[in-house]
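Biologist: I should be grateful for a close look at a single part of this model, the sheet, with enough of its surroundings to place it in the chain.

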Amino acid sequence: GACGGVWVEGPHIYKKDGRYYLLVAEGGTGYHHAVMAAVSDAIRGPYVSDPRNPLLTSRHLSYQYWVRNIGHADFVELPDGRWYCVVLGTRSELNASSNMARESFLVPMIWERE
């Protein structure tokens with residue numbers, strides 16, 4: 001696919017500064033879950049995978065971190081111009097498991113120049 005991942009799901013397209021950004025979840029909903037992106041000058045593509053993919057993941061961290069299994073992101077711009085990313089993740093509680101399943105988390109973000 002355009003983002004170069006496996007088990008890609010939940011695509012979203014955003015338009016910013018005249019370019020189209022394809023945002024997807026990939027890697028399954030467990031430990032390898034991640035947020036990937038690709039960009040295009042046209043909504044129908046072709047889309048080029050971001051060389052920094054995955055943009056957000058916890059797959060390289062141990063189970064001791066508080067939030068893991070990060071994926072399924074949405075971008076939100078506030079009226080003051082700040083951007084946030086809403087993601088799904090799982091809290092690491094007793095024995096690296098959680099009785100809450102996946103929850104929503106809010107992460108500040110910035111757009112970097114390509």
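Modeller: The answer below begins with the chain, turns to the sheet, and then follows its strands outward.

The model is predicted, so local features are given only at pLDDT of at least 70 and side-chain atom pairs only at pLDDT 80 or more, whereas totals for chains, interfaces and linings use all residues. Residues are numbered from 1 along each chain as its sequence is written, and side-chain values use heavy atoms, with hydrogens and water left out.

The chain holds 0 helices and 8 strands, where helices (H or I, at least four residues) and strands (E, at least two) are DSSP runs numbered from the N terminus. Its pattern along the sequence is accordingly β-β-β-β-β-β-β-β. Of its 114 residues, 36% are buried; buried means under 20% relative accessible area, exposed over 50%, and partly exposed in between, with a 1.4 Å probe and protein chains only.

The sheet itself is open and has 3 strands in the order S6-S7-S8, with antiparallel pairing. S6 and S8 are the edge strands, each with a single partner, so one side of each has no neighbour in the sheet. From one strand to the next the twist averages 30°, taken between N-to-C directions of lines fitted to C-alpha atoms, on a scale from 0 to 180 degrees.

Two strands count as paired if DSSP finds at least two bridges between them. S6 (67-77) and S7 (residues 83-91) are joined in the antiparallel sense over 7 bridges. Within this pair, Glu-77 has Trp-83 in S7 as its bridge partner. The hairpin of S6 and S7 has 5 residues between the strands, and there Gly-81 takes a positive phi near 95°.

On the other side, S7 and S8 pair over 8 bridges, again in the antiparallel sense. Tyr-84 has Pro-108 in S8 as its bridge partner, and Val-87 stands opposite Phe-105 in S8. In a regular strand the side chains alternate between the two faces of the sheet.

One residue of the edge strand S6 deserves separate mention. His-72 is found in S6, and its phi is near 50°, a positive value in a residue other than glycine. With 22% relative accessibility, His-72 counts as partly exposed. Asp-17 likewise has a positive phi, near 55°, but this residue is found in the loop between S1 (9-16) and S2 and, at 69% relative accessibility, counts as exposed.

The two edge strands also take part in the largest pocket. A pocket is an open set of points, on a 1 Å grid over the protein atoms alone, where a 1.4 Å probe fits, with protein on both sides within 12 Å along at least five of seven lines; lining residues have an atom within 4 Å of a point. S6 and S8 (102-109) each supply at least two residues of this lining, as do S2 (19-26), S3 (34-40) and S4 (48-49). S3 gives the most, with 4 residues. The lining has 24 residues in total, and those nearest the centre are Asp-50, Arg-52, Leu-55, Phe-75 and Ile-110.

By type, the lining divides into 19 nonpolar, 1 polar and 4 charged residues; Ala, Val, Leu, Ile, Met, Phe, Trp, Tyr, Cys and Pro count as nonpolar, Asp, Glu, Lys and Arg as charged, and the others, Gly among them, as polar.
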